[in-house]
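This report describes the architecture of one protein chain and then turns to selected residues. The sequence and the structure are shown below.

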Amino acid sequence: MKEIKKKDRPAAREKALEYGMGFPYDEELLMLILGAGTKEMPVEVMAKKMIEVLDASNEDQVVEKLLGMKGVGVGKALAVAAALELGKRRTCHLGARIESPCDIIPFVRNYAVSSKEHFLMVTLDGGHKIIQIHVVSVGTLNCSLIHPREVFVEAIKDKASAMVLCHNHPSGSCEPSEQDIEATRVLLEASEIMRIEILDHVIVGCNSYFSFLENGVLFEA
C-alpha cells in the first residue's frame, strides 16, 4: 500500500470531528490538547517528543518530566497531566465487579452534587463487571423523563447481561419519589421482555444512598 504523504493526511481536528475521538493516533490527541507548538518546535514534533516522555514516565513523574522538555511550559505540562487524570477518572469503573449496591457508589458519586437529576444506566457483563456507565437523561431540578427504549438500546449495544439503574436527587434526599417507583416498575417490565436483568435501582446522595434492592422494594415497584 502506498504510504500517504504527510501533507495529504487529514489534520487531527478533522479526524476527530469526522470519525470520533477513537480514530486519531496518540500523537494527534496530544496535538488537540496542546493546540499549538512554539516557533522552535511545531506542535506535531512536540507531541511526538511528549509521547516518548510519557512512555518513559511513571504517573507521579509526568509533570516534572514534561517540564524538563525544551519549549514546554507549566501550562502545557499541566494540560497534558490534567487530560491524563481526567481520562483515568472517567474510565476507572471499567471492569469493576459489582457485588452489592455500595460497590456502584464510588463510580456515580460525582453526580450527587449536580443541580439537575441525572438518570444513569450501568451495564454489566455475565460476571457482573461494569461494561459502561451511560447517561440516559438529564432532567429538570425535580425529575428526569425516562423511556425504556433509551435504556435498553444502550444495553443491547453493550451486549449486557444485567444492569443497575442510578440517579441523583438535587434536593439532597435519597428517598424514592412516586415517579422513581413508577419509572422502575416500567423498566422492570421491559427488562423481562428484553431478558436483561435489572439488579437494582440506586439513588445517590453526597453522604448516603437508597437501594431499592436493599430496602426490599425493587420487585414491589
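## Contacts and model confidence

Two residues are in contact when heavy atoms of theirs lie within 4.5 Å of each other. On this basis, among the contacts of the protein chain with a separation of 6 or more, 57% join residues 24 or more positions apart.

The model is predicted. The protein chain has an average pLDDT of 86, and 92% of the residues score at least 70. Residues 1-9 have a pLDDT under 50 throughout, and for this segment the model has three contacts beyond four places in sequence.

## Secondary structure and overall dimensions

The protein chain contains eight helices and five strands. Read from the N terminus, the order of these elements is α-α-α-α-α-α-β-β-α-β-α-β-β.

The radius of gyration of the protein chain is 22 Å, whereas a compact globule of 221 residues would have a value near 17 Å. Along the principal axes, the C-alpha atoms occupy a box of roughly 65 × 45 × 35 Å.

## Surface, burial and charge

Of the 221 residues in the protein chain, 38% are buried. The exposed area of the chain is about 13,500 Å², of which carbon and sulfur atoms contribute 54%.

The protein chain carries 25 positive and 32 negative charges. The mean position of the positive charges and that of the negative charges are separated by 12 Å.

## His134: a residue of strand β2

His134 belongs to strand β2, which spans residues 130-138. Is His134 buried or exposed? Its relative accessibility is 13%, so His134 counts as buried, the limit for this class being under 20% relative accessible area.

Which residues does His134 touch, when those up to four places away in sequence are not counted? The partners are Phe119, Leu120, Met121, Thr123, Glu154 and Asp158. Strand β2 thus supplies the setting of His134, and the listed residues supply its contacts beyond the sequence neighbours.

## Asn207: a residue of the β4-β5 loop

Asn207 is located in the loop that connects β4 (197-204) with β5 (209-211). The relative accessible area of Asn207 is 78%, and the residue is therefore exposed, a class that requires a value over 50%.

How many residues apart in sequence are Asn207 and Cys174? The two are 33 residues apart in sequence, and their C-alpha atoms lie 9.7 Å apart in space.

Definitions and conventions: Residues numbered from 1 in each chain as written. Predicted model: local features only at pLDDT ≥ 70, side-chain atom pairs only at ≥ 80, totals over all residues. Heavy atoms only, no water. Helix = DSSP H or I, 4+ residues; strand = E, 2+ residues; numbered from the N terminus. Rg over C-alpha atoms; globule rule 2.2 N^0.38 Å. Buried < 20%, exposed > 50% of the residue type's maximum accessible area, 1.4 Å probe, protein only. Areas by Shrake-Rupley, 256 points an atom, 1.4 Å probe, with all protein chains shown as cover. Lys, Arg positive; Asp, Glu negative; His and termini not counted. Charge placed at Lys NZ, Arg CZ, Asp CG, Glu CD. pLDDT = per-residue confidence, 0-100.
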